[in-house]
Amino acid sequence: MKVLVLTGAESTGKSWLAGRLQQRFGGLAVGEYVRHFIDNEQRDTCLADIPAIARGQLAWEDHARRQRPGLLILDTHLLSNMVWSRTLFGECPAWLEAALLARQYDQHLLLSPEGAEWHADGQRCQPEAAERWRFHQACRQWLERHRQPFVEIGGDWASREAQAIAQVSALLGNERGGGASEQGLV
């Protein structure tokens, strides 16, 4: 099983790209638990919610890992939870980083905010490009500091998709491009 993570600032195409990659390569795609949390709670999050959100994300990831798909595509992982917690609340529960570092991820695609227009969707909160760049830099610095495998993806949507396809093909060690063979998770 190869585990691919899409990470970076909001409105950079993570969810869209996760779907496109699953459609092309198959496997399982795991969405962002925080979206589910906000939809269910019908309110903004607070610092006290971060542990529940992180545990929910881990539970979704663990459920998918137990199915042992050839490719597991994570629309996000605990890095986003950590950076969002620090961005919105100035702190983050210490256990998140240890939990994140205890897991194996084969490749991260860090999606650049450059050229990606922000789109409001009722949950996003960083309309200013400078905010998204700070988030992007925090993700990049964490990945570098912890020697996590990552490639930065940017450009227009077609370019992002082409770069991501090339990275997944290399990750899988082939040029496979058939349809999805396994269902994704919400």
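**Exercise 1. In which sense do strand 1 and strand 4 pair, and over how many bridges?**

Keep in mind as you work that this is a predicted model.

*Step 1.* Find the two strands: strand 1 covers residues 2–8, and strand 4 covers residues 107–111.

*Step 2.* Check the pairing. The two run in the parallel sense, with 5 bridges between them. One bridge to look up is Thr7, whose partner in strand 4 is Leu110.

*Step 3.* Now look at strand 5 (residues 150–153), which also pairs with strand 4 in the parallel sense, over 4 bridges. Here Leu111 has Ile153 as its bridge partner.

**Exercise 2. Work out how enclosed strand 4 is, and which way its side chains point.**

*Step 1.* Count the buried residues, with under 20% relative accessible area as the cut-off. In strand 4, 5 of the 5 residues pass, so the strand is largely enclosed by the rest of the structure.

*Step 2.* Sort the side chains by direction. Gln107, Leu109 and Leu111 go one way, while His108 and Leu110 go the other.

*Step 3.* Compare with the textbook pattern: in a regular strand, side chains alternate between the two faces of the sheet.

*Step 4.* For context, 47% of the 186 residues in the protein count as buried.

**Exercise 3. Test the length of helix 7, then find its buried face.**

*Step 1.* Helix 7 has 16 residues (157–172), and at 1.5 Å a residue it should span 22 Å. Its end C-alpha atoms are 22 Å apart, so expectation and model agree.

*Step 2.* List the buried residues: Arg160, Glu161, Ala164, Ile165, Val168, Ser169, Leu171 and Leu172.

*Step 3.* Look down the helix axis. The buried residues of helix 7 fall within an arc of 165°, so they line one face.

*Step 4.* Ask what that buried set packs against: strand 1, helix 1 (14–25), strand 3 (71–74), strand 4 and strand 5.

*Step 5.* Step off the end of helix 7 and you hit Gly173, with a positive phi near 70°.

**Exercise 4. Trace the salt bridges around Glu61.**

*Step 1.* Start within helix 3. Glu61 forms a salt bridge with Arg65, with the closest N and O atoms 2.8 Å apart. Both residues lie in helix 3, 4 residues apart, which is about one turn.

*Step 2.* Follow Glu61 to its salt bridge with Arg103, at 3.0 Å from N to O. This pair links distant parts of the chain: Arg103 sits in the loop between helix 5 (95–101) and strand 4, 42 residues away from Glu61.

*Step 3.* Check burial. Glu61 and Arg65 are both buried, and Arg103 is buried too.

*Step 4.* Put the pieces together: Glu61, Asp62, Arg65 and Arg103 are linked in a network of salt bridges. The structure holds 6 salt bridges.

**Exercise 5. Where do Glu152 and Arg140 lie, and what does their salt bridge tie together?**

*Step 1.* Get the distance: the closest N and O atoms of Glu152 and Arg140 are 2.8 Å apart.

*Step 2.* Place the ends. Glu152 is in strand 5 and Arg140 in helix 6 (residues 129–145), so the salt bridge ties together parts 12 residues apart in sequence.

*Step 3.* Check accessibility. Glu152, at 30% relative accessibility, counts as partly exposed, and Arg140, at 23%, also counts as partly exposed.

Note on methods: Residues are numbered from 1 along each chain as its sequence is written. This is a predicted model: local features need pLDDT of at least 70, side-chain atom pairs count only at pLDDT 80 or more; totals for chains, interfaces and linings use all residues. Side-chain values use heavy atoms; hydrogens and water are left out. Buried means under 20% relative accessible area, exposed over 50%, partly exposed in between (1.4 Å probe, protein chains only). Two strands pair if DSSP finds at least two bridges between them. The expected span of a helix is 1.5 Å times one less than its number of residues. The arc is that of the directions from the helix axis to the C-beta atoms. Contact means heavy atoms within 4.5 Å. A salt bridge is a side-chain nitrogen of Lys or Arg within 4 Å of a carboxyl oxygen of Asp or Glu.
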